[in-house]
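Notebook open, structure loaded. I'm jotting down what I look up as I go, strands to begin with and pockets after that.

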Amino acid sequence: MNDEDIELALKSAGPREKPPLEVEHAVREQLRAEWRVIVAEKRRDRWRQTAFAAAAGILGVAIGLWIASPQLGGPAMPVATMTLASGEVRVSSGWLHGWRDIVPGQPLAIGQTLETGPSGRGALALPGGVSARLDHDTLLIITDGDQLTLKRGALYVDAGPPAMPVSRLDVITASGSVRHIGTQYEVRLMGSGVRLRVREGRVEWRARSGGIERSETGEQLTIASDGTVERRAMPLYGESWDWIEATAPGIQIDGLPLARFLSWIGRELGREIVYSSPQTAADVASIVVHGSISGLTPAQALKAVLATTSVRAVIADGRIVVGSEESAAQPAD
C-alpha cells in the first residue's frame, strides 16, 4: 500500500473535518504497519506450504526406499548361509537397516555386508560347496551368488576337494580380482596392496589395469599399489594358517568312512596324509566313524575320533602320519 492508496481510501469516506497533520501521519504509519504484517503472514504461509510439500516429498522417498529396501538390499532368496560366527560378527542389509548380530545358520542375500570385529571370525557356505571364511577385522559384501567384494581384512576360500566340480567365485578388491580353478587360497588386504596365498590348486589374479597373474600351490603373490608383483614360495601350514583352522565349518561324521575324515583333516590343516604301512591303509579303509565333532577344531577332532579306533596319528612338519597303536605311527620308508 502506498500513499495514493491511503489517500483514495480517505476520500471515499466523503468530506469531513480534516484531522491534524500529526494524526493523519500516525494513521498512515499504522496502516503501513498493518499492511506489512498482512504481507509477512502471506509470505510465511507460502513458505510453510512449500516446506510442507518438500518434507512430504522427502518422507515419500524415504517410505519408498523403506518399502523397496528388500529389493535394494538383495533378493529374498538366500545365496549363502552363515556356518560359523565367533566373537564380534554382524550383518547389514543397507543404510536403512543398520547392523545386527548374526548367528550360525542365518541365510544371506545379495547386497548384504558382513563385518568381523577385532575378536570376531566367521564362515559362510556358498553355492557348489564353496566355503568362505573371514578373519578378524574383515568387511565383506555379498555382491552376487558367485562374487564377493573384500573391502577390508582377509578372506580364505575353499572350493572343495580337487575331485569336486569347480564352482565359480570371484573375489573383488580395489586393486583387482581373484578367480580360482579348484583350490584353497587366502586373499588379504595389506595397506594399499594385496597378498594372495595359494594352499591348493590354482588361482588367477586380474588387475584393474588389465594385467593377469597366475599362481599355484605353495606360492604367495604380493601385489603392490603400483601393480608390481612379488612372487615367492610359502609353507602350506604353520601359525599364519591357524586362523583357517579356527574358522573351519564342521562336517557330519556319523557313518563317514575314516579315510574320508582323514582327507578332510589333511586339507584343513594343510598337511599330507601318510600311512605308516599298507596294512594301516587297509585297516583305515575298513573303519566307519560315528558321533559328532561339533564345536571342535580339526586338530581336536582328529584326536577325538582316532581315540575311538585302533588308529593313531602324529603330526610331523607337512605330514600327518597315520599308523596303528602297535607301530606307534611310524612312517613307511
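Started at a turn. Strand 13 and strand 14 make a hairpin, with 2 residues between them. I checked the backbone there: Gly191, in the turn, has a positive phi of about 65°. Note to self: this is a predicted model.

Next I looked at the pairing within the hairpin. Strand 13 runs antiparallel to strand 14 (residues 193-200), and I get 7 bridges between them. For one register point I took Glu186, whose bridge partner in strand 14 is Arg197.

Then the other neighbour. Strand 10 (residues 154-158) is also joined to strand 13, by 5 bridges, and this pair is antiparallel. Here I noted Val157, which has Tyr185 of strand 13 as its bridge partner.

Is strand 13 enclosed or open? I went through residues 184-190 and found 5 of the 7 buried, so strand 13 is largely enclosed by the rest of the structure.

Moved on to pockets. The largest one comes out at about 620 Å³. It has 23 lining residues, and those closest to the centre are Gly129, Pro161, Met164, Ile251 and Trp264. I asked which elements give two or more residues to this lining: strand 6 (121-126), strand 7 (130-134) and helix 4 (258-269). Helix 4 gives the most, 6 residues.

Last entry, the chemistry of that lining. I sorted the residues of the largest pocket into 11 nonpolar, 7 polar and 5 charged.

Notes: Residues numbered from 1 in each chain as written. Predicted model: local features only at pLDDT ≥ 70, side-chain atom pairs only at ≥ 80, totals over all residues. Heavy atoms only, no water. 1 Å grid on protein atoms, 1.4 Å probe; cavity = no way out; pocket = protein on both sides within 12 Å on 5 of 7 lines; lining within 4 Å. Points joined across faces, edges and corners; volume = space filled by probe spheres on them. Helix = DSSP H or I, 4+ residues; strand = E, 2+ residues; numbered from the N terminus. Nonpolar A, V, L, I, M, F, W, Y, C, P; charged D, E, K, R; others polar. Buried < 20%, exposed > 50% of the residue type's maximum accessible area, 1.4 Å probe, protein only. Pairing = 2+ DSSP bridges.
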